Amino acid sequence: MVILPVRNMVMFPGLIVPIGIGRESSINAAQYAVKTERPVGILMQRNPDADVPTADDLSTMGTVAAILRYATSQDGTHHIICQGQQRFRVLGYLPGFDFTVARVERIREDSAGISPEDKREIEARFLQLKARATEVLQLLPGVPHEMLEAVKNIEAPGMLADLVAGYVDIKATEKQELLEEIDLRRRLDRVIDMLVHRIEVLNLSRDIDQRTKASIGEREREFLLREQLKTIQKKLGEGGADNSAELDDLKKLIDEANMPADVEKQAVKEFKRLERMSDNSTEYSMVRTYLDWLVELPWKTPAPDDINVARARQVLDEDHFGLEAVKKRILEFLAVRKLKPGGHGPILCLAGPPGVGKTSLGQSIARALGRKFVRVSLGGVHDEAEIRGHRRTYIGALPGNIIQALKKAGTRGCVMMLDEIDKLGTGIHGDPSAAMLEVLDPEQNNTFRDNYLAVPFDLSQVIFIATANMLDPIPGPLRDRMEVLHLAGYTQEEKLEIAKRYLVHRQFEANGLRPEQLTLTDEALMGIIRRYTREAGVRNLERQIGAVCRHVAVRLAEGSAQSQRVDAPDLSEILGQSKFESDVALRAGMTGVATGLAWTPVGGDILFIEATRTPGSARLILTGQLGDVMKESAQAALTLVKSRALALNLAPAVFEKADVHIHVPAGAVPKDGPSAGVAMFIALASLFTGQPVRSHVAMTGEISLRGLVLPVGGIKEKVLAALAAGIKTVMLPARNRADLEEVPAQAKAQLEFIFLDNVEEALLGALGLAAPEQRQVALL
């Protein structure tokens, strides 16, 4: 017999059931059965997840069914309508077909061998089952009269049991157990038990429904009586005094809120609606909450700023060390605002790695202006309603974060920091970054419309300052509305000054220490910076200083010391072994290893490019979780080395008989970008020439197939990372020479720079190979 496996359904004899088929083997089986006019065996899968079910995945008993109709819908799905005939049991499966075929045994329900006593018991159960089935149909709503008559007219006990089992709402596994129950008496007992349970559930559901309707009717009656009681009390001049006084206070607050004319008109309209409502209605609390928001928002025009540029410069210098370019732009921003108070200044966006002081710069600007500071965290916000608010029709509706922050500040003349604006997400509830477009546009945010308020609100007096770690996730239109100020990482000397001026004092206070109880030397602080932290900002540095303070606090609390001096040699005892060591010395000077420079969201870093070759067939193997752009840079570097084989005194056959493997360590970290092109070229040139790369030399730059070195980004971060890693010489693209102006002078003084126009200059600077004129002749 042709077998048709089905998922989560069981067919019983006597039932007519539509079945949708989608698997190719099932379609072939159904078409074969129709063509040969044979029945099929409907068999349920034990494992519904199996796309190609095996014998272990299929039940052992199913139903023989005749295909009454085969149809294909417009969307290409196939359907059959089957009528169950009798049970069958699988004896074994036959191979060699493109669908499932099995040897089966048909199971007949023969009443000839049943004793008279068993017949009487079956007859009794049959009458009981018919009565229960009729009762269930009467309890269910919308059951046609014809179905009741059909059940009453069934005379075969097995047919009635199969009919009820097929239509009752139970799990497919339970239906399969009923199908596999051959003994008619036991099958009738199980079906009767299921119907009894179903009748209890239906009776309970009907009782709950009746009680619910009675409860609703009682509430409506109570509401009408309360309304009549209020009317009687009003006629008699009794009651309602508290409510009237509350409404009078609200009316007074509306009059004193100094709202714009159109907003006040809306507030008065809602107030009149409130007066006509019952304070027991749900809408009363919604309108009352809405009016409370309107009267508590800062509608008054803020006082003009008292901007003192000299004081602002002093505040910025007190709060932050370094960041001269950023401080200069902030002072320009404040100076223009002082000369033109009503002008629309730019929206500043402070972009940089974590821990460099973006949030604290916003607080300093607020302190310099004498304004209140509020912070709105946008990290993880993926609902437009978080910015624009929910409509009042929703339960628990509230204004957006912008309006809530202004209510908290109590004035429109505040500094609002939009923190982590690059972490805005997009979800099924809209795009919050699109809602921010109106907030950050000085030309239109004077009529910002919050969905909850449904009236315009003037945001033009608010000074918005955004922060971000990366600019790439910020949509273009939103980035276009902001002026980006880049905050790069600090040098080691700047970190030392920051630690001495701010971090040590802050950790002393946090850990209950006095200055005379702990002395941290400059050498100890520099040791923490070099050996225990590697970051663009100073957060980890502050944590390590806190660890030193806690170590001393334990000794002071135990009474084992009255004070302590911590120097560089003491750090290993307090903080453990050094977490960061300069591994340039371990890899520099080796054949086939070049040191590149990389930019990351948390600052710069050094990157080692390792190349080796093995006997093979000129394959290029790339590992280290490299992105597509970086893989293409490696292919370009190998092609460039091959094109300069003559200049490098290499025979072309050396490339044909070797596989080249390029690996970038830290394989768990994804890497991409074109700036490693020069380093890959130098690593390959060193590999094939046998000339090691000069010690303490790092490089960055994109290469072209013509041998040009093209400019890249992140020069300041890369140079600072090279300095921190112990690099002495940095090779940069010549067209990046102007970017060195951003690098602190003390950092530039400690490094030697080689500017590259082409890869020949890189070969000379990194490997000390042939003179430029000799290479030019070789190229010709």
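**Exercise 1. A charged network**

Which residues are linked with Glu177 in a network of salt bridges?

*Solution.* The model examined here is predicted. In this model, Glu177 is joined in a network of salt bridges with Glu181, Asp183, Arg186 and Arg190. To place this network in context, note that the structure holds 33 salt bridges.

**Exercise 2. Salt bridges of Lys500**

Determine which acidic side chains meet Lys500 in a salt bridge, and where the partners lie.

*Solution.*
Step 1. One partner is Glu497, at a distance of 3.8 Å from N to O. Both residues belong to helix 17 and are three residues apart, which is about one turn of the helix. An α-helix has 3.6 residues a turn, so residues three or four places apart point the same way.

Step 2. Another partner is Asp522, with an N to O distance of 3.4 Å. Because Asp522 is in helix 18 while Lys500 is in helix 17, this pair ties together parts that are 22 residues apart in sequence.

Step 3. The exposure of each residue is then assigned. Partly exposed covers relative accessible areas between the 20% and 50% limits. Lys500 has a value of 38% and is therefore partly exposed. Glu497, at 24%, is also partly exposed, and Asp522, at 35%, counts as partly exposed.

**Exercise 3. A link between helices 17 and 19**

Establish whether Arg506 and Glu542 are buried or partly exposed, and describe the link that they form.

*Solution.*
Step 1. The side chains of Arg506 and Glu542 meet in a salt bridge of 3.0 Å, N to O. Arg506 is in helix 17 and Glu542 in helix 19; the two are 36 residues apart, and the pair links distant parts of the chain.

Step 2. Arg506 has a relative accessibility of 44% and so counts as partly exposed. Glu542 has a relative accessibility of 16%, and buried means under 20%, so Glu542 counts as buried.

**Exercise 4. The packing of helix 18**

Which residues of helix 18 are buried, and against which elements do they pack?

*Solution.*
Step 1. Helix 18 spans residues 522-531, and its buried residues are Ala524, Leu525, Met526, Gly527, Ile528 and Ile529.

Step 2. These buried residues pack against three helices and two strands: helix 17 (492-510), helix 19 (539-558) and helix 20 (571-575), together with strand 14 (518-520) and strand 15 (564-566).

**Exercise 5. The nonpolar cores**

How many residues does the largest nonpolar core have, and which have the most contacts inside it?

*Solution.*
Step 1. The largest nonpolar core has 56 residues, and those with the most contacts inside it are Leu291, Leu294, Met416, Leu418, Ile421 and Leu440. Helix 9 (residues 282-296) gives the most to this core, with seven residues.

Step 2. A second, separate core has 52 residues, including Leu348, Leu361, Ala524 and Leu571. Ala524 is also among the buried residues of helix 18.

Step 3. The surroundings of Leu440 can then be listed. Apart from neighbours within four places in sequence, Leu440 is in contact with Ile347, Leu418, Ile421, Phe464, Leu478, Arg481 and Met482.

**Exercise 6. Leu68 and Phe88**

Classify Leu68 and Phe88 as buried or partly exposed, and locate each in its strand.

*Solution.*
Step 1. Leu68 is in strand 4 (residues 61-72). Its relative accessibility is 47%, so Leu68 counts as partly exposed. Ile16, Leu68 and Ile81 make a nonpolar surface patch of about 250 Å².

Step 2. Phe88 is in strand 5 (residues 78-94). With 0% relative accessibility, Phe88 counts as buried. The C-alpha atoms of Phe88 and Phe608 are separated by 70 Å, and these residues are 520 residues apart along the chain.

Conventions
Residues are numbered from 1 along each chain as its sequence is written. This is a predicted model: local features need pLDDT of at least 70, side-chain atom pairs count only at pLDDT 80 or more; totals for chains, interfaces and linings use all residues. Side-chain values use heavy atoms; hydrogens and water are left out. Buried means under 20% relative accessible area, exposed over 50%, partly exposed in between (1.4 Å probe, protein chains only). Helices (H or I, at least four residues) and strands (E, at least two) are DSSP runs, numbered from the N terminus. Contact means heavy atoms within 4.5 Å. A nonpolar core is a set of buried Ala, Val, Leu, Ile, Met, Phe, Trp, Tyr and Cys residues joined through side-chain atoms within 4.5 Å. A salt bridge is a side-chain nitrogen of Lys or Arg within 4 Å of a carboxyl oxygen of Asp or Glu. Patches are made of residues with over 30% relative accessible area and no salt bridge: like charges are joined within 9 Å, nonpolar side chains (Val, Leu, Ile, Met, Phe, Trp, Tyr) within 5 Å. Accessible areas come from the Shrake-Rupley method with a 1.4 Å probe; for residues, only the protein chains shown count as cover.
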